Amino acid sequence: MKKSFIALFGLFCITFSSAQNDVKIDGRLKPHLDKFFEYCKQYDIEYHDKLFKLKNIDIVDTLTISQKGSTLGMLTRDKNNKVENIVINWIVLLDQEILKVVAFHEFAHYFLEYKKHICHDCGQIMAVVNSSYFDIIKDWDHQVKTLFVDSPAYKKQKNLFLP
Ligand SMILES: [Zn+2]
């Protein structure tokens, strides 16, 4: 009796851990993702279910790089328009601070449900482009607070608790 219980429990653990492994997360993005999730907890934003709907959070060498403008990161979708992957351009790895901003930008598109950018170039994380990543980094705590508090996901979550 005892033995079969242990066996069953063992099986459960394996199934659970293989489900956790479904999302492939690049190790270089993992610290930023962990940090981002800490903020999600702080602002009561659900991220667990969303995370396990993804296939990859990855660094890739397939995004455009050109003098006129590079794609530093993007969400890719499946046939049904569901977000499947969050991908970041490998070129961003050249600067750890830019990596942090770009990673938060892409994570926010998905987890904080920013469908649009807030401006073209206004010195905020959700701008289309940023002429100065340095300014954002200097003002990081405030930038992150604005990113979360102004997000569609945060506003949606707040409305649920209105009387
Ligand atoms: Zn964007």
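Two strands count as paired when DSSP finds at least two bridges between them, and the strands themselves, like the helices, are DSSP runs numbered from the N terminus, with at least two residues (E) for a strand and at least four (H or I) for a helix. The model is predicted, so local features need pLDDT of at least 70 and side-chain atom pairs count only at pLDDT 80 or more, while totals for chains, interfaces and linings use all residues. Residues are numbered from 1 along each chain as its sequence is written.

With these terms in hand, the sheet can be followed strand by strand. Five bridges join β3 to β4 (residues 83-89), and these two strands run antiparallel. They form a hairpin with five residues between them, and in its turn asparagine 81 has a positive phi of about 70 degrees. Across this pair, methionine 74 stands opposite valine 87 of β4, and threonine 76 has asparagine 85 in β4 as its bridge partner. Asparagine 85 is also the bridge partner of asparagine 56, and β2 and β4 pair in the parallel sense over five bridges.

Taken together, the four strands make an open sheet in the order β1-β2-β4-β3, with mixed pairing. Because β1 (24-25) and β3 (73-77) stand at the edges with a single partner strand each, one side of each is left without a neighbour in the sheet. Helix α4 (residues 96-111) packs on the sheet and touches β3 and β4, where contact means that C-beta atoms, placed from the backbone, lie within 7 Å. The direction of α4 makes about 165 degrees with that of β4, the angle being taken on a scale from 0 to 180 degrees between N-to-C directions of lines fitted to C-alpha atoms, for helices over the stretch in contact.

The largest nonpolar core, a set of buried Ala, Val, Leu, Ile, Met, Phe, Trp, Tyr and Cys residues joined through C-beta atoms within 7 Å, has 28 residues, and those with the most contacts inside it are Ile88, Phe104, Phe107 and Ala108. At least two residues of this core come from each of α2 (30-42), β2 (56-60), β4 and α4, and α4 gives the most, with eight residues.

Histidine 109 also lies in helix α4. This histidine is partly exposed, with 19 other C-beta atoms within 10 Å, since a residue is buried at 20 or more, exposed at 12 or fewer, and partly exposed in between. Leaving aside neighbours within four places in sequence, histidine 109 is in contact with Leu75 and Tyr114.

Terms used: Two residues are in contact if their C-beta atoms, placed from the backbone, lie within 7 Å.
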